[in-house]
Amino acid sequence: MSSRRSSRGSAAISEEEINDLISKLQSLLPSARGRRGGSGSQAAAASTTKLLKETCSYIKSLHREVDDLSDRLSDLMAGMDHNSPGAEIIRSLLR
């Protein structure tokens, strides 16, 4: 038995825990803040599915943004003297 399973006493996650995790996830997504799922189980499942799709989309957009910023930083650093005060400031920010 895994340590995680034995420490929880059960491998199953309760519906309350799932709802709590969904609420936490919802609070992290800019497009989902302030929105609550429907009251019926079918509406809640559809809402959860939509939330998970939005989460995946948001993570992909964050990856694109990080890639873009990384490219911009590389271009900036390529045009700088590596011993300049500006280059040192950038290096200190990246630590």
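Helices here are DSSP runs of at least four residues, and strands are runs of at least two, numbered from the N terminus. Read that way, the protein chain runs α-α-α-α from its N terminus on. The count is four helices and zero strands. The model is a predicted one.

Confidence comes next, since the model is a prediction. The average pLDDT of the protein chain is 81, and 78% of the residues score at least 70. Confidence is lowest in helix 1, residues 3–8, where the mean is 48. Helix 2 has the highest confidence, at 90. The pLDDT stays below 50 over residues 1–6, and this stretch has three contacts in the model beyond near neighbours in sequence.

The chain as a whole can be described by its surface and its contacts. The protein chain has 95 residues, and 11% of them are buried. Its accessible surface is about 7,700 Å², with 56% of that belonging to carbon and sulfur atoms. Of the contacts between residues at least 6 apart in sequence, 28% join residues at least 24 apart.

One pair of residues gives an example of positions separated along the chain. L25 lies in helix 2, which covers residues 15–28. L25 and L51 are 26 residues apart in sequence, and their C-alpha atoms are 8.2 Å apart in space. With neighbours within four places in sequence left aside, L25 is in contact with L51, L52 and T55. Is L25 buried, partly exposed or exposed? Its relative accessible area is 23%. Buried means under 20% and exposed means over 50%, so L25 counts as partly exposed.

Further along the chain, helix 3 spans residues 41–78 and helix 4 spans residues 85–94. S84 lies in the loop between these two helices. Which atoms does the side chain of S84 reach? One is the backbone oxygen of D81, at 2.9 Å. Another is the backbone nitrogen of A87, at 3.2 Å. The relative accessible area of S84 is 17%. The cut-off for buried is under 20%, so S84 counts as buried.

To sum up, the chain consists of four helices without strands, and the mean confidence runs from 48 in helix 1 to 90 in helix 2. L25 in helix 2 is partly exposed and touches L51, L52 and T55. S84, in the loop between helix 3 and helix 4, is buried, and its side chain reaches backbone atoms of D81 and A87.

Definitions and conventions:
Residues numbered from 1 in each chain as written. Predicted model: local features only at pLDDT ≥ 70, side-chain atom pairs only at ≥ 80, totals over all residues. Heavy atoms only, no water. Buried < 20%, exposed > 50% of the residue type's maximum accessible area, 1.4 Å probe, protein only. Contact = heavy atoms within 4.5 Å. Areas by Shrake-Rupley, 256 points an atom, 1.4 Å probe, with all protein chains shown as cover. Polar contact = N/O pair within 3.5 Å; in protein donor to acceptor, adjacent residues only side chain to side chain. pLDDT = per-residue confidence, 0-100.
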